[in-house]
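Dear colleague,

Please find below the structure for your review. My notes on it follow directly after the display.

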Amino acid sequence: PVSCSSRMPRCTGLQVRASQAVHRRFYSVFAAWGRLLSRRPWLIILVSLCAAVLASTKLLLSFGGDGLPYQSNGDKLWVPEDAEASKDQESFDAAFNPTGAFTRQNFVYFLATSGGTVLTAPILQEVYRFRELARRNLTATDICDGGCSPLTPSAVGYSEVCDRAAGDASSELSQCLTYGSAFPLFEDGSGNVVLDLTDAEILEMVESGTGVAGSLYPPGGNVTFDVRRVFGGLEYDGAGKLVSAKAVKLGLPLEGYKSSVDAVKDQLEAATAWEDQLNLLVGEEWTSDPPLSRGSAYGDAIAVEWESPLVDAYPNTAGAIERELSGNISGDVIKINIGFILIGAYALAVFFKFDPRRSRSALAIAGLVSCALSVGVAYGFTTLIGYEVNPVVTVLPFILLGIGVDDMFVLEQALSATDKTAPPAERMAACMGSAGVSITVTSLTDLVAFALGSTSSLPALAAFCCFATIGITADYLLQISFFAGWMALDAHREAAGKPDCCPCCGPLDPSVESGCCGCFANSCAAVKAPEEGLLRSVLRRHYAPALARKPVQVAVVVCMAVWAAVCGWQASKLSVDFEYVGDDAVLQRTFDVEDEYFGGLPLDVNLVTPSSAAFDYSAVSSQLLLEQLAVAAETDPWVDRSSLVSFQRALLAWAWAAKGSASLESAAGGPPSSLADALLPPADYYSWLNEFVTASEGGVFARDVLWVDAAAPGQGLSAARLRATQLPLTEAADEIDAMDSLRASVASVPIEGAYAYGFQYLYYEQYKVIQREMLTNLGLAIAAVFVIVLLILAELRTTLLVMLCVLLTDVSILGVMQMWGLTIDSVSVVNLVLAIGLAVDYSAHVAHAFVIAKGTHTERMQSAVSEMGTAVIHGAFSTFLAVLVLSASQSYIFRVFFKQFFSISVFGVAHGLLLLPVLLVLVGPPEMPSDGDAEEPKGGYPPAVPDVPETQASARVAPGLPAQKA
């Protein structure tokens, strides 16, 4: 049988002997460190402070300057680094967008104020009035980011920043592209918009998709306008005839750039400022506070205003989500400061004692400074080595503050538990020997979980985990150096009998036993803290005995099993989504309009083929493969068959009519019998293709074929594409299937280098990997934590019970996420990884206390709950308090963080103090009999003392038991 002494486990098993040896080595190292702290406190404080400030230099220099590098681009945050869509995007842009320009999509959605149809002349005229104000009169003059600076040129109108056809460098308004708008449908032959129409005429045009008299959508023509993209909430009568539409969309696209280098900085600032003026034209609530720009809609002299009694406008500009995230987080600065104040007040309350000699309120301030320094190191050093701050990283201070304050409690508890008559050097040796090992283990648990998370393929998650890993490391090092140095000074103060609030004052009179800083001698004797705190008394006298009753144990196991089943069922329904805007955010109104009236629209996809160097388009075999590719796309179950646009098919149809069937070939040889059998002569392929795309009939395909040299068509193509639209989809699982299916369809055609690409695939890739990332990161964290816990507990059965509680805690969190309306995204995955480390703290110490306790299973359970329950509850409360104020935050990230931390605190404690004690009674390991031959480490273990307050109960543990840390 395995045996252990009453003071320190000494077991015959190889695993336990190894654990004991490691622990003893740690104890001796930290005890020696404690003595050094006592001898050289000021040196260690100054060295650690200088190191922390040096590591925080980049953060300090950012104040008053450009700030820390910040990344809010969704493509850079949420798309996996190795995603196939990212590689395809690079290839697609290199071929079809070599300048790096892209379109900044800006839409304004209009609904009738009355709630009725928008297919009336007055409504459309009102929308057109807004369009003309924005296009002709709206200008931006300054960009404001901390301070306003003039734009270049000085007044930027829509014509200077609008999206144009490739190669068009003019600034004429007539050259601005008008897609995403309903008004091309109503243009006459001269480019004028005709809206003096009856409601019946408007209904007829919208239903048929044919225009007034324009060349693009002529009445009776075979080219129709896709009304679904600009009119939302279409309603039809029983006969299938259109009767109304609830929303109309106005597109105002701008040209954008993917680079922020100086060469395009002016264009970026101009586009950003004009977009902000567009938001201000709708209303000031649609932009930041203060606004990001000045101009004709907001500034010293407002020249453009728009109000309408007929329509309500809902804008969604290119930088809306980034603005919303940044604005909400900036607006929550007051809440963040309140949270810090609450934590500070809590720490001061815990450290305060009515005995002015034993009180350590001043030490609490040093601990809070230590936490602040760890935050500075996390931001300063991590950005110094190349990482960028992102919206998820904004929650890091709360995590570091909660963990740091808990470390403070553990260290202070250990110091209070030492013999107060011993010299300060020996007290610090005993304190650090016990608590140093404890916070090393618990910090290592959190650190390993985040270090493994830093390997994630999701950039936002990986970056956050890097920040957290460095921050937790800094917190740990500062706690055992900077804060522990102040602890040593405080131990010297206490030994000298000086008051807490004035350590430089002389010793207090021995008759003073209580009072506020000794100023009112013995004035607080009536409220002096009892030997046993109220919470610990409740746990020992009522809670633990209740858990010893069989009916209660049965009820706990049954209820927890039912709850786990319910949460597992709810967790199975969790969906993947990436909406980082709160429900009460103003931008959410626009999203609601988009979802209700324009949700499920078809999305464009491209089937890209390589250059002529890799794929000779003129060859007969290649022409057949292009047709095979078109058929593969048409027959894909997720593609609208009628949407396929093939330049190859159009070229053959043109050649059949323009060149005559006799000039074409067939695969069998000789003239083709029909257009379906026709192929172009290889010798004429590129010249005819060039002739076709430069003619009016083929002009629409000019962007689908890219020449190596437009002046020399014979050199072939650098790339080409076929176009189609994907069927309307709303579920992430369907979107992933649609992407994978079309990729498989393209891969089935033997064209080396061909691929399917749509801009939406970047988002689909997120959906595809996030669940895998969640399971991978949780699995790695659990495996690593299992090894650490096994080393600490040195008992396999107990370790398995602890890990069961950890797993059930995560299942509960996942279930509550579904009940609370949360989804799986990078923010929630971060918190789930963090939950592993925190949930272990809530269970491991109770389990360890049970293992080393004496008596029957029931007696050992009651002892463990009584000794560790108070510390577990206070640890959970301190963690919860750090994020309590975020419950009222407008930021989606902060609110998700609060909801999940609420779940971590509640269910971590529930499983650690409710389920685990019952399981230990029912199936826990047997008592380990004492052999009495354990060797006590040099310096001894801190003895238990009767007057430790309830928040310090975790110090009353058997030798070698780490104190609680949340």
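The torsion about the S-S bond of C162 and C176 is about -75°, so this disulfide is left-handed. Please bear in mind that the model is predicted. The sulfur atoms of C162 and C176 lie 1.9 Å apart. Both cysteines sit in the loop between α7 (158-161) and α8 (199-208), with 14 residues separating them in sequence. C162 counts as buried because its relative accessibility is 0%, and C176 is likewise buried, with a relative accessible area of 5%.

The cysteines

The count of disulfides comes to two. As a reminder, a disulfide is a covalent bond between the sulfur atoms of two cysteines. The other pair is C144 and C148, whose sulfur atoms are 2.0 Å apart. The link of C144 and C148 is right-handed, with 100° about the S-S bond. C144 is buried at 11% relative accessibility, whereas C148 is partly exposed, with a relative accessible area of 44%.

Why is there no bond between C465 and C466? The sulfur of C466 is the closest cysteine sulfur to that of C465, but the distance is 7.3 Å, which is too far for a bond, the cut-off being 2.5 Å. C466 is accordingly in no disulfide. C465 is buried, with a relative accessible area of 1%, and C466 also counts as buried, at 11% relative accessibility.

The chain as a whole

The chain has 966 residues, of which 56% are buried. Its secondary structure comes to 27 helices and 18 strands. Of the contacts between residues at least 6 apart in sequence, 75% join residues at least 24 apart. The accessible surface is about 38,900 Å², and carbon and sulfur atoms account for 60% of that area.

A four-stranded sheet and its helices

One open sheet consists of four strands in the order β16-β17-β13-β18, paired in the antiparallel sense. Its edge strands are β16 (705-707) and β18 (755-757), each of which pairs on one side only. From one strand to the next, the twist averages 25°. Strand β13 (residues 603-609) pairs with β18 over three bridges, again antiparallel, and V608 stands opposite Y755 of β18.

Helix α19 (residues 620-634) lies across β13 and β17 (717-726), and runs at about 155° to β13. Helix α21 (residues 685-694) also packs on the sheet, where α21 touches β16 and β17; the direction of α21 makes about 115° with that of β16.

Which residues of α21 are buried? They are Y685, Y686, W688, L689, F692 and V693. Seen down the axis of α21, these buried residues fall within an arc of 160°, so they line one face of the helix. In general, an α-helix has 3.6 residues a turn, so residues three or four places apart point the same way. The cover over the buried residues of α21 includes α19, α20 (647-658), β16 and β17.

A serine in helix α27

Finally, S905 is found in helix α27 (residues 892-923). Is S905 buried or exposed? S905 counts as buried, because its relative accessibility is 6%, below the cut-off of 20%. Leaving aside residues up to four places away in sequence, S905 touches Y842, A876 and F880.

With kind regards

Notes: Residues numbered from 1 in each chain as written. Predicted model: local features only at pLDDT ≥ 70, side-chain atom pairs only at ≥ 80, totals over all residues. Heavy atoms only, no water. Helix = DSSP H or I, 4+ residues; strand = E, 2+ residues; numbered from the N terminus. Buried < 20%, exposed > 50% of the residue type's maximum accessible area, 1.4 Å probe, protein only. Contact = heavy atoms within 4.5 Å. Areas by Shrake-Rupley, 256 points an atom, 1.4 Å probe, with all protein chains shown as cover. Pairing = 2+ DSSP bridges. Axes fitted to C-alpha atoms, helices over the stretch in contact; angles between N-to-C directions. Arc of directions from axis to C-beta.
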